[in-house]
Amino acid sequence: MSTPTAASGSFGPTPSQTVGPFYGYALPFEGGGDIAPAGHPDTLTLHGYVYDGAGAPVPDALVETWQPAPDGSRTGKPGSLRHDPVTGRVIGRNGVDFTGFGRVPTDADGHWAVRTLPPGGVPYLSVAVFARGLLHHLYTRAYLEDTGDPLLTSLDAGRRATLLAVPESGAPRAYRFDIRLQGEGETVFLEFR
């Protein structure tokens, strides 16, 4: 049996393509990490680095966060990603309303950061990571404290630590949450069915 070629006009299925690095210009938007209303006194910063299996920073990943508002509501401000049809600028975010959603690219050093409010009703932010070499994005959680959540208690101490954001000393209301895509200290990723 011969292999189909362009000359024969018959093609077989092709393998999936690896994603990115188009994330750096196609999906981020201005103010994507500014989830908290401007100047809100309870604003906290969640930041960290995305690392690959060799421990090298991933400079072209995209990190999304979702969370409930401090009162526990999960609706957020509708239209937070609405774009102006002429300029393409995000106009749904006004700096006043809480949206519950953030999307930021990593920088050249693999660093990312969001400014948000403490989530109500749960001790974590939901996180999705898109990166080169991933055919599907990865889901995890960034816990701001270990409150005995069933997911955390189901893990041994070493694995549990990969889900805990670490309060930064000397930086009030700042937490560090590094994401390791594989290898030693790999972040616990969740599967949804």
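A strand, labelled E, is a DSSP run of at least two residues, numbered from the N terminus, and a residue is buried when its relative accessible area is under 20%. With these terms in hand, strand E4 of this predicted model can be described by its two faces: Trp112, Val114 and Thr116 form the covered face, while His111, Ala113 and Arg115 form the uncovered one.

E4 covers residues 111-116, and threonine 116 lies within that strand. Threonine 116 counts as buried because its relative accessible area is 0%, where the cut-off is under 20%. Its side chain makes a polar contact with the side chain of glutamine 67, at 2.5 Å. Residues up to four places away in sequence aside, threonine 116 touches Ile35, Ala36, Asp42, Thr43, Leu44, Gln67, Phe98 and Leu125.

E4 also has a partner strand. E1 and E4 pair in the antiparallel sense, over 6 bridges. One position in this pairing joins tyrosine 49 to histidine 111, its bridge partner in E4. Histidine 111 belongs to the uncovered face of E4.

Another group of strands makes up an open sheet. In general, the strands of a sheet pair through backbone hydrogen bonds, in either a parallel or an antiparallel way. Here the sheet has 4 strands in the order E3-E2-E5-E6, and the pairing is antiparallel. Strand E3 (101-105) and strand E6 (138-143) are the edge strands, each pairing on one side only. From one strand to the next, the twist averages 25°. Within this sheet, strand E5 (residues 124-130) is paired with E6 in the antiparallel sense over 6 bridges. Valine 129 stands opposite leucine 138 of E6.

The nonpolar cores come next. The largest has 27 residues, and those with the most contacts inside it are Leu46, Val50, Trp112, Ile179 and Leu181. Strand E1 (44-51), E4, E5 and E6 each supply at least two residues of this core. Trp112 also appears on the covered face of E4.

Which residues are in contact with isoleucine 179, leaving aside its neighbours within four places in sequence? They are Tyr49, Val50, Tyr51, Val63, Trp112, Val127, Val129, Thr187 and Phe189. Among them, Val129 is the residue that stands opposite leucine 138 in E6, and Tyr49 is the bridge partner of histidine 111 in E4.

A second core is separate from this one and has 7 residues, including Val122, Tyr143, Leu163 and Val188.

Methods
Residues numbered from 1 in each chain as written. Predicted model: local features only at pLDDT ≥ 70, side-chain atom pairs only at ≥ 80, totals over all residues. Heavy atoms only, no water. Buried < 20%, exposed > 50% of the residue type's maximum accessible area, 1.4 Å probe, protein only. Polar contact = N/O pair within 3.5 Å; in protein donor to acceptor, adjacent residues only side chain to side chain. Contact = heavy atoms within 4.5 Å. Pairing = 2+ DSSP bridges. Axes fitted to C-alpha atoms, helices over the stretch in contact; angles between N-to-C directions. Core = buried A, V, L, I, M, F, W, Y, C linked by side-chain atoms within 4.5 Å.
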